[in-house]
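User: I want to learn how to read pockets and ring pairs in a model. Can you walk me through them?

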Amino acid sequence: MSMTIQTKNLHLMWRAGFGPAVEQLGDLNKYSPKQFYKALQKASEKRPEYIDVADDYLKGLMLGIEEAGRQQKKEMDEDQRKQVQQKNRQGVRNLNMFWMHEMVNTGAQLREKLGFFWHGHFACRNLNVFYQQGLLDIIRRNALGSFRTMLHEVSKSAAMLNFLNNQQNRKDHPNENFAREVMELFTLGRGNYTEEDIKEAARSFTGWSSNVKGEYVFRRFQHDFGSKTFLGKTGNLTGEEVLDHLLAQKQTARFITQKMYKFFVNDTPDQKNIEWLADRFYKNDYDIGKLCEDIFTSDWFYDDKNIGVKIKSPVELLTGIQRMLPMTLENEESLMLLQRVLGQLLFYPPNVAGWPGGKAWIDSSTLMMRMRIPQMLNDQDEMNVKPKDDDDTMMGRKNDKNEDPKAKGQKQMGKLGKPILVNIDWTKYVKNFDPVKREKLLADMNSVLLVTNKAVSDDLVKKFSDESGREDFIKSATIQIMSTPEYQLC
């Protein structure tokens with residue numbers, strides 16, 4: 001069936017952003033998808049500001065010269081170390097909430113959505129808030145720029161170097177973890193290199209390290225200056241040359257493009273479209289902005305088979321609801337708890353491969369939880385479920401309550417057997433339906449809330465809605481529609 005312009009625009013805004021804001025509902029039928037995309041591009045042109053949420057106490061520790069910082073660290077007693085750990089954990093929590101607030105409220109939806117994608121691609125767990133801030137800045141600045149630049153910057157970030165153990169990669173004791181993941185997860189994909197390539201690449205990355213302030217440091221006495229042969233190229237290869245040689249392989253463009261296609265278009269790859277996109281991505285020297293334009297302005301992006309077929313990730317679900325229903329939360333950390341319960345806590349990917357996505361977002365418990373969230377936010381329901389255990393992906397830290405957010409979530413759940421206190425500002429949303437006749441209200445609400453061909457059954461929605469007055473009906477019916485399986489799709 002042919003899609004309406006409104007449905008196509010909804011599709012675009014969910015894939016290239018976090019769904020429409022309530023202020024945009026009146027424009028969904030006025031402009032073409034290409035016009036909407038141009039507006040998204042323009043709104044995302046400005047360089048994002050560095051997000052700095054680190055505690056002043058921690059900044060004081062880091063402001064000194066590196067050697068002084070080291071000595072201070074050595075001199076810290078047990079209580080001080082605990083205090084630093086606590087402030088770092090709080091910093092990462094603040095970073096989570098600040099970034100989610102940006103996702104909800106910024107007009108630069110395209111940039112933040114791409115940043116969210118790269119956050120999963122360059123997945124990194126690190127409880128040093130300065131390292132996390134630095135990595136987040138790299139992916140937000142380069143989200144629509146050059147993948148070449150971003151790969152180099154991420155590879156030299158303190159967060160990634162530490163997470164992938166390259167601090168231990170020395171010429172006499174090579175550590176291959178960093179080199180392996182750079183190829184398997186960041187560039188070529190598994191099966192496109194040999195074990196010998198990993199060893200030779202690891203030699204090239206020896207000496208890549210960072211100082212206490214999170215700055216990249218090349219430790220020349222730990223670097224292997226001997227000749228290496230990597231993917232058929234021989235010489236005294238540096239780490240930078242290895243990255244450039246990986247980018248010279250068209251397989252890297254193909255791997256990145258396929259991953260973006262599955263994230264932004266359809267979980268089922270279309271090899272013909274992917275090859276076309278990869279070819280242009282490669283020829284455009286890894287220009288991410290041009291790749292995005294190729295995706296979001298192509299005719300096939302708006303094919304029926306690509307609309308309403310993806311399951312919203314937990315972060316997309318939570319931000320999308322807030323964009324449609326502006327709200328203030330008495331305790332914003334409850335959003336982090338919801339992230340944990342649903343299986344996607346920002347800055348805590350399950351492992352270096354990131355979140356699997358797709359159907360993995362849904363099982364019997366998370367689906368029920370997803371359908372209850374609108375009720376909870378509307379102050380009508382209680383949270384009394386526990387986050388899933390993922391003992392196979394916690395990288396040996398499952399039982400560390402300082403590290404494992406799920407374990408911490410388990411502990412916190414006992415405190416949240418009550419409604420999440422939220423004040424929803426319904427004004428703009430309700431006003432949007434002023435011109436709509438009562439008998440057409442449900443159809444109109446379905447058309448702006450759902451990106452599927454199937455509307456939710458009128459009888460089902462009415463059964464649980466408040467029909468005592470027009471405004472009460474709009475509010476209660478909206479919550480009911482958001483509580484359906486259909487709303488989980490975008």
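Analyst: This is a predicted model. Start with the elements: helices are DSSP runs of at least four residues, numbered from the N terminus. Helix 13 gives the most to the lining of the second largest pocket, with seven residues.

User: How is empty space found, and how much space lies in the second largest pocket?

Analyst: Rolling a probe the size of a water molecule over the atoms shows where empty space is left. Here, the second largest pocket holds about 700 Å³. Its lining has 27 residues, and the closest to the centre are Lys259, Lys262, Phe263, Trp355 and Pro356. Helix 6 (109–121) and helix 13 (250–264) are the elements that give two or more residues to this lining. By class, the lining has 10 nonpolar, 11 polar and six charged residues.

User: How many aromatic pairs does the whole structure have?

Analyst: The search finds 26. Take phenylalanine 122 and phenylalanine 147: ring centres 6.3 Å apart, planes at 20 degrees. Planes under 30 degrees apart count as stacked, so this pair is stacked. Phenylalanine 122 lies in the loop between helix 6 and helix 7 (129–141), and phenylalanine 147 in helix 8 (residues 147–155), so the pair ties together parts 25 residues apart in sequence. Both residues are buried.

User: Which kind of pair do phenylalanine 205 and tryptophan 208 form?

Analyst: Edge-to-face, because their planes stand at 80 degrees, with centres 5.1 Å apart. Phenylalanine 205 is buried at 1% relative accessibility, and tryptophan 208 is buried at 1% too.

User: Which lysine lies over the face of tryptophan 208?

Analyst: Lysine 156, at 5.3 Å from the ring centre. Likewise, lysine 312 lies over the face of tryptophan 14, at 4.0 Å from the ring centre.

Technical notes
Residues are numbered from 1 along each chain as its sequence is written. This is a predicted model: local features need pLDDT of at least 70, side-chain atom pairs count only at pLDDT 80 or more; totals for chains, interfaces and linings use all residues. Side-chain values use heavy atoms; hydrogens and water are left out. On a 1 Å grid over the protein atoms alone, a cavity is a set of points where a 1.4 Å probe fits but cannot get out, and a pocket is an open set with protein on both sides within 12 Å along at least five of seven lines; lining residues have an atom within 4 Å of a point. Grid points are joined across faces, edges and corners, and a volume is the space filled by probe spheres set on the points. Ala, Val, Leu, Ile, Met, Phe, Trp, Tyr, Cys and Pro count as nonpolar, Asp, Glu, Lys and Arg as charged, and the others, Gly among them, as polar. Rings of Phe, Tyr and Trp (its six-membered ring) pair if their centres lie within 6.5 Å; planes under 30 degrees apart count as stacked, over 60 as edge-to-face and the rest as tilted. Buried means under 20% relative accessible area, exposed over 50%, partly exposed in between (1.4 Å probe, protein chains only). A charge sits over a ring if NZ of Lys or CZ of Arg is within 6 Å of the ring centre and within 35 degrees of the ring normal.
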